[in-house]
Number of protein chains: 2
Amino acid sequence: MRIAVLGTGAVGRALAARLDGLGHDLVIGTRDPAVTMARTEPGGFGTAPYPQWQAGHPGIRLLSFAEAASFAELLMNATSGAAAMAALVAAGEPGLAGKVLIDVSNPLDFSRGIPPTLDPVNTDSLGEQIQRAFPAARVVKALNTMNCQVMVDPGRIPGEHNVFLSGNDAAAKAVAAELIGSFGWPPGSVIDLGDISAARGTEMLLPLWLRLMASFGHADFNFHIPHA
Amino acid sequence: MRIAVLGTGAVGRALAARLDGLGHDLVIGTRDPAVTMARTEPGGFGTAPYPQWQAGHPGIRLLSFAEAASFAELLMNATSGAAAMAALVAAGEPGLAGKVLIDVSNPLDFSRGIPPTLDPVNTDSLGEQIQRAFPAARVVKALNTMNCQVMVDPGRIPGEHNVFLSGNDAAAKAVAAELIGSFGWPPGSVIDLGDISAARGTEMLLPLWLRLMASFGHADFNFHIPHA
């Protein structure tokens with residue numbers, strides 16, 4: 001499938017590399033490819049400068065958000081929460097219309113320091129904001145409740161654990177679940193929470209996720225929901 | 001141990017019955033025992049009228065919040081989030097001072113309908129509000145992330161699952177962990193998240209918890225955090 005991953009950070013790279021390895025035709029979208037390819041400083045979370053990572057993944061092309069969206073049959077939004085809406089506006093309504101858009105981002109606001117706060121919260125979510133702003137996109141909130149290495153390689157966590165899906169389009173959720181399954185998630189590990197307003201709940205997991213990371217001292221964990 | 005459970009709803013009853021069964025000297029605190037004992041209507045969530053439940057638990061005494069707090073060596077706040085602060089004010093600073101106070105409540109605001117919103121959120125929590133209002137109480141936030149039947153009988157959910165603890169007093173958390181262990185929680189199932197500000201994260205689980213309950217059609221589930 002022709003897939004565009006929006007965002008050149010750790011999350012975008014992990015998703016793009018995994019999807020490329022699975023044989024998809026992969027592009028990464030960024031605001032300005034020339035600027036991204038001129039970077040010499042490390043990325044966030046100690047990642048290599050983007051051009052260095054790109055050199056190791058010759059099958060993945062870096063395009064503008066709009067070019068990437070036009071190219072793609074399916075998109076994954078892996079930008080930071082603060083950058084998500086601008087990235088999607090740059091991608092453009094025509095490039096998103098009718099396509100499955102898997103939103104992996106979280107609306108974390110670091111402007112007041114650490115820990116970040118969530119905005120929106122409670123009566124809205126970033127997933128809903130995106131769906132409202134792009135009504136023709138088929139938004140599926142998913143994978144936003146775990147580290148990016150766990151997203152693409154669930155076997156690094158022992159035992160069962162879960163991915164939560166929220167979205168208004170059942171067929172889009174089925175496409176997302178199949179793609180997620182191709183990462184190694186076993187049948188039954190995907191929990192469908194219903195419509196896109198359930199993104200409120202999964203985004204609101206982030207404060208606990210951050211505390212768990214502090215308690216464990218690493219990000220190799222995930223949520224599992226055993227039930228009767 | 002002399003234990004006071006504050007709150008006569010489903011959560012308070014489940015905790016009090018379990019602790020009574022374990023041989024503790026149990027009282028339940030309520031605003032006005034005479035009013036509570038005059039109730040003929042069912043409680044929330046289809047529970048029996050309080051006097052009917054009380055008749056089945058003759059070893060448990062119903063007292064005012066202040067009497068219950070004075071009596072107790074340890075308290076569990078099982079009031080609704082909206083009622084918690086008033087209940088603790090009625091219990092009174094002297095009755096709480098120096099005592100472990102396990103706060104099981106969640107600040108759910110149903111005033112704007114279903115689903116409820118959380119208030120406070122993000123930069124504060126009900127657990128922190130309680131600790132600030134009663135600095136001499138040894139507040140431990142715990143058990144607020146699951147149905148009350150699961151709190152007192154973890155074996156009803158298959159496999160491993162977790163209880164989160166937050167609090168500023170390590171010795172109080174050790175007391176809480178031991179009491180929780182006596183309900184049947186295995187060693188290792190209790191995750192210490194650090195100081196009381198981690199209550200923000202556990203309270204913010206509630207919106208997802210409510211969506212999961214809707215998805216499963218029942219409340220017999222819990223959060224488990226498998227990790228590497």
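**View 1. Contacts between chain A and chain B in the predicted model.** In this predicted model, 37 residues of chain A are in contact with 37 residues of chain B. On the side of chain A that touches chain B, the elements giving two or more residues are β7 (117-118), β10 (190-192), α10 (199-203) and α11 (206-216), and of these α11(A) gives the most, with 7 residues. Sorted by class, this side of chain A holds 19 nonpolar, 13 polar and 5 charged residues.

**View 2. The rotation axis that relates chain A to chain B.** A turn of 180 degrees, with a shift of 0.0 Å along the axis, lays chain A on chain B with an RMSD of 0.0 Å, which is the relation of a two-fold axis. The same surface serves both copies, since 100% of the contact residues of chain A recur in chain B. The residue of chain A that comes closest to the rotation axis is H224(A), whose C-alpha lies at 2.4 Å.

**View 3. Strand β5 of chain A and the strands that pair with it.** Strand β5(A), residues 100-103, runs parallel to strand β4(A), residues 74-77, and 4 bridges join the two; in this pairing N77(A) stands opposite D103(A). Strand β5(A) also pairs in the parallel sense with strand β8(A), residues 138-142, over 4 bridges, and here V100(A) stands opposite R138(A).

**View 4. Side-chain directions along strand β5 of chain A.** V100(A) and I102(A) point one way from the strand, whereas L101(A) and D103(A) point the other way, and all are buried. Two of these residues also appear in the strand pairings, with D103(A) opposite N77(A) and V100(A) opposite R138(A) of β8(A).

Methods: Residues are numbered from 1 along each chain as its sequence is written. Chains are lettered from A and ligands numbered from 1 in the order in which they are written. This is a predicted model: local features need pLDDT of at least 70, side-chain atom pairs count only at pLDDT 80 or more; totals for chains, interfaces and linings use all residues. A residue is buried if 20 or more other C-beta atoms lie within 10 Å of its own, exposed if 12 or fewer, and partly exposed in between; C-beta atoms are placed from the backbone. Two strands pair if DSSP finds at least two bridges between them. Copies are superposed by least squares on the C-alpha atoms of residues with pLDDT of at least 70 in both. Two residues are in contact if their C-beta atoms, placed from the backbone, lie within 7 Å. Ala, Val, Leu, Ile, Met, Phe, Trp, Tyr, Cys and Pro count as nonpolar, Asp, Glu, Lys and Arg as charged, and the others, Gly among them, as polar.
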